[in-house]
Amino acid sequence: MRLFKKKEAKQTLPTRTEALRCIPQKAEAANWRMTGDGDILIEYPLAIRPFFLQLASRFYPKERLPEPTRKLQLDRLGSMVWQMVDGEKNVGTIVTEFSVASGLTLQEAELSVTAFFRQLGRRGLIFMR
Amino acid sequence: MQADTCIAWNGIRLSIPGHWEARVAAPCHLIFEAEFQPLLQLRWYQQSGKAPAESQRLAAALAKQGDMVEPKSAGSEKSNWAASWRQLESKFQVLAFSAGREKTPSGGAFSCPHCHTLFHFQTFPDKIAMDTTGDIGAIGKAIAEALATLSCHDHDEDLYRIQDFSLSLPPGFRLMDYSFASGLTRLSFAAGKLRLTAARLAPADERLKRQSLAEILLAQTDVADLQIRETGEENSCEGFRDPAIFRRLLLRLRRDRPFVRARIGHDPLHNRLLSLILSGSRPLPAGLLPEIAATYAIV
């Protein structure tokens with residue numbers, strides 16, 4: 001038995017109903033624009049590890065430190081969902097609206113939208129409240 | 001108010017209110033929900049010839065549970081259950097109802113006296129009533145009425161009707177596997193040495209922008225030497241593999257089914273692609289695929 005074993009923090013995951021009630025909001029750092037095709041192009045800052053930041057600070061003055069960004073081009077369906085995120089509609093409402101707009105069933109829409117939000121959340125482009 | 005919807009899955013059929021959604025949780029487990037809130041879950045155990053004792057054991061175990069109410073009291077005039085719940089007794093043998101609120105049981109078990117299918121259900125009307133300030137009694141009544149429409153035997157055809165598609169199969173096909181992934185629904189069936197895969201792809205316009213119907217069919221079947229031919233109908237195509245004896249032997253050695261017949265159709269109205277793939281180790285019955293394809297549709 002380990003006496004000083006690190007206690008694992010209890011993780012309470014939201015239930016499906018709670019998750020569908022969450023309101024997604026676009027991150028302020030995400031700059032987005034609509035391309036000529038009607039798709040959305042998002043540009044967001046790349047998170048740099050402190051080690052590399054420290055290394056960069058040796059070569060650049062503080063005010064001219066590089067701020068690398070990454071671009072993400074959404075397809076037609078992704079762009080549709082992105083535009084539905086207005087900071088007021090909850091996930092359930094977005095799923096219902098997306099289902100109507102795309103012609104998918106409610107269950108298909110739920111799977112697509114939740115997977116899409118998970119991807120955007122991992123990149124720090126949206127957060128839930 | 002939306003009209004009732006017929007749900008058919010793996011041997012059972014029932015009618016549910018139009019605004020309910022049916023979800024497949026397991027081959028014999030359906031969850032019905034409204035506004036993303038579960039209302040009713042239904043499990044069933046079909047009695048196989050070899051193990052009638054198994055369902056009897058399950059039935060006895062369910063009836064013995066502490067919070068279950070005696071079945072006789074559920075059906076009697078003095079019972080607390082709403083009249084709609086007594087409709088079940090005209091068709092099924094009610095084993096037990098568990099205590100609930102406002103004349104709605106929170107669960108129960110009943111069996112079919114003809115085919116001995118055992119059903120077990122659980123209700124959650126209080127959750128939705130809490131959220132939508134709905135009436136538990138009304139939701140309970142809708143659940144009872146849906147359960148009263150349940151049927152488990154004497155069906156002319158083996159029907160699968162859930163979400164937005166309907167597929168009718170000749171007798172003998174068993175559900176082997178299923179997947180309700182986003183944009184791709186797939187059901188696999190087996191009948192002896194025949195294998196049937198039914199798939200539904202959405203949205204069709206997005207997929208057809210990148211690939212033709214024939215290319216999608218080739219990708220679906222994963223058979224490189226599939227011969228594509230026109231069906232004579234607009235928005236559909238067919239593929240088949242009918243190898244010569246030597247190739248047949250080679251494919252059998254690779255544990256591959258040599259005979260394949262596949263068909264894909266585009267439903268522009270609903271923006272869906274519907275495909276059927278029939279394969280077997282022996283020559284396939286000629287009329288089987290067109291017969292099944294005629295019943296496969298978006299409803």
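**Exercise 1. Is B:Glu238 buried or exposed, and what is its relative accessibility?**

Before we start, a word on the model: it is predicted, so local features need pLDDT of at least 70 and side-chain atom pairs count only at pLDDT 80 or more, while totals for chains, interfaces and linings use all residues. Residues are numbered from 1 along each chain as its sequence is written, chains are lettered from A and ligands numbered from 1 in the order in which they are written, and side-chain values use heavy atoms, without hydrogens and water.

*Solution.*
- Step 1: recall the cut-offs: buried means under 20% relative accessible area, exposed over 50%, and partly exposed in between (1.4 Å probe, protein chains only).
- Step 2: B:Glu238 has 7% relative accessibility, so this residue counts as buried.

**Exercise 2. Find the salt-bridge partners of B:Glu238 and describe their surroundings.**

*Solution.*
- Step 1: use the criterion that a side-chain nitrogen of Lys or Arg lies within 4 Å of a carboxyl oxygen of Asp or Glu.
- Step 2: B:Arg229 meets B:Glu238 in a salt bridge at 3.2 Å, N to O. With 34% relative accessibility, B:Arg229 counts as partly exposed.
- Step 3: B:Arg263 also forms a salt bridge with B:Glu238, at 3.2 Å, N to O. This pair links distant parts of the chain, 25 residues apart: B:Glu238 sits in strand 16 (residues 236–241) of chain B and B:Arg263 in strand 17 (residues 259–267) of chain B. Strands here are DSSP runs (E, at least two residues), helices are runs of H or I with at least four, and both are numbered from the N terminus.
- Step 4: both B:Glu238 and B:Arg263 are buried.

**Exercise 3. Work out what the salt bridge between B:Asp256 and B:Arg241 joins.**

*Solution.*
- Step 1: the closest N and O atoms of B:Asp256 and B:Arg241 are 3.9 Å apart.
- Step 2: B:Asp256 lies in the loop between helix 9 (245–253) and strand 17 of chain B, and B:Arg241 in strand 16 of chain B, so the salt bridge ties together parts 15 residues apart in sequence.
- Step 3: B:Asp256 counts as partly exposed, at 36% relative accessibility, whereas B:Arg241, at 5%, counts as buried.

**Exercise 4. Place these pairs in the wider structure.**

*Solution.*
- Step 1: the whole structure holds 19 salt bridges over all chains.
- Step 2: one network of salt bridges links A:Arg16, A:Glu110, B:Arg23 and B:Glu33.
- Step 3: chain B contains ten helices and 19 strands, and 48% of its 299 residues are buried.
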